[in-house]
Amino acid sequence: MTARRCLLAACAAAALASACSAPAPEPALPEPTLQEPSTPSAPVDPVRTEAAGEGASASNAPLEAELKAIAEEVAAEYGGRLGIAVAGEAGVVSAGDAEATPAWSTIKVPIAVAALRADAGLYASAASAITVSDNTAAENLYLAAGPGAVNAVLAEAGLAVPLNTEVVRPEFSTFGQTLLTPAHEAQLAGSLACVDGAGDVLELMGAIDPGQAWGLGVLPGSIAPISSSTSPGARFKGGWGPGVDGAYQVRQLGLFSLADATFAAAALSAFPADGSFTTGQQMLTAAAGRLAQLEGLPPAPCQP
């Protein structure tokens, strides 16, 4: 076991009791002053997207139809809404729900990258924030990096949507309320390996705690045990939290291996009809299983 893997094992064990393995949303960050709650804007950005049924190119038509079928099948089986997106060299193809909604804990990925670029000594906090979704560790990373550095990471990944810094819901972190679509998150996942300094975070995304291994985490070989040198078959991060009505959104971004040993980049977002965290997890798991069975998925633009 490498020294870094040993550290990761220790971090996971220490943080597990307080992690987000239960449906606990992120707490608010301490802010110098509280602003009046408002809805953050989601500006147009350069992510190239093509949604099913919106005049997309003929070359992507088969994939669009397949993604649309997955979104409709999962929504019909569980009730509610599902969004799904895949990023390839030709851009992002998406289907189903395309609303820009809170990123929740998925935003910990660019925050961890930004923090480690500022201070490599924050690796233990990054390990806790990514592998067990520890909120206190994420707060520490955010305070160390600052929003400007996180925006730089997002920009390098092809997103012009800035990190939210307004107090929208005082009980939650500002950064977790950053509004992203599934297409945004697929773009982030597909470009992450090309972002300077993202290697350690990608490694951590391959060692997610089994309690949070739904969605892409159920695919065969998706997680490499911390004590193993085996490369994981997926690298992913989930996020979840309640809307103002108390109903949960569950989302996930990541990469998963294809038959030719390349990785595909995808993002999933579920709004279960019953509003429960559990059903949201089941919807992502069902969608990931169907997605992995598709033939001809494009490889991610940037390979881990």
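Buried here means a relative accessible area under 20%, and exposed means over 50%. Keep those two cut-offs handy, and remember throughout that this is a predicted model.

**Stop one: the whole chain**

Start with everything on screen, coloured by secondary structure. You should be able to pick out nine helices and eight strands. Of the 304 residues in the chain, 56% are buried. Now think about contacts between residues at least 6 apart in sequence: 73% of them join residues at least 24 apart. Switch on a surface and you are viewing about 11600 Å² of exposed area, with carbon and sulfur atoms supplying 55% of it.

**Stop two: the disulfide**

Select Cys-194 and Cys-302 and show them as sticks. A disulfide joins them, with an S to S distance of 1.9 Å. Don't go hunting for others, since a search of the whole structure finds one. Look along the S-S bond: the angle about it is -105 degrees, which makes the link left-handed.

Now zoom out a little to see what is being tied. Cys-194 sits in the loop between helix H7 (182-191) and helix H8 (199-205), while Cys-302 is in the segment after helix H9 (277-292), so the bond ties together parts 108 residues apart in sequence.

Which of the two ends is buried, and which is exposed? Cys-302 has 9% relative accessibility, so it falls under the 20% cut-off and counts as buried. Cys-194, at 54%, is over the 50% mark and therefore exposed.

**Stop three: the largest pocket**

Next, centre the view on Thr-101, Pro-102, Gly-243, Val-244 and Phe-271. Among the 22 residues lining the largest pocket, these lie nearest its centre. The pocket's volume is about 420 Å³. To see which elements give two or more residues to the lining, colour strand S4 (101-102), strand S6 (234-242), strand S7 (248-257) and strand S8 (263-272). Then recolour the lining by residue class: you get twelve nonpolar, six polar and four charged residues.

**Stop four: two positive phi values**

From S4, step along to Trp-104, in the loop between S4 and helix H3 (108-118). Check its backbone: phi is near 50 degrees, a positive value in a residue other than glycine. Trp-104 is also buried, at 2% relative accessibility.

Now jump to Ser-133, in the loop between helix H4 (123-131) and helix H5 (135-145). What is phi for this residue? It is about 60 degrees, so here is another positive value, and Ser-133 is not a glycine. Its relative accessible area is 0%, so Ser-133 counts as buried.

**Last stop: Leu-163**

Finish by selecting Leu-163, in the loop between helix H6 (147-156) and strand S5 (179-180). Buried or exposed? Leu-163 has a relative accessible area of 5%, so it is buried.

What does Leu-163 touch, leaving aside residues up to four places away in sequence? Show these side chains to find out:

- Pro-147, Val-150, Asn-151 and Leu-154 are among its contacts, and so is Tyr-142.
- Ile-107, Phe-175 and Thr-178 complete the set.

Before you close the viewer, draw a line between the C-alpha atoms of Leu-163 and Val-150. They are separated by 7.1 Å, with the two residues 13 apart along the chain.

Key
Residues are numbered from 1 along each chain as its sequence is written. This is a predicted model: local features need pLDDT of at least 70, side-chain atom pairs count only at pLDDT 80 or more; totals for chains, interfaces and linings use all residues. Side-chain values use heavy atoms; hydrogens and water are left out. Helices (H or I, at least four residues) and strands (E, at least two) are DSSP runs, numbered from the N terminus. Buried means under 20% relative accessible area, exposed over 50%, partly exposed in between (1.4 Å probe, protein chains only). Contact means heavy atoms within 4.5 Å. On a 1 Å grid over the protein atoms alone, a cavity is a set of points where a 1.4 Å probe fits but cannot get out, and a pocket is an open set with protein on both sides within 12 Å along at least five of seven lines; lining residues have an atom within 4 Å of a point. Grid points are joined across faces, edges and corners, and a volume is the space filled by probe spheres set on the points. Ala, Val, Leu, Ile, Met, Phe, Trp, Tyr, Cys and Pro count as nonpolar, Asp, Glu, Lys and Arg as charged, and the others, Gly among them, as polar. A disulfide is a pair of cysteine sulfur atoms within 2.5 Å. Accessible areas come from the Shrake-Rupley method with a 1.4 Å probe; for residues, only the protein chains shown count as cover.
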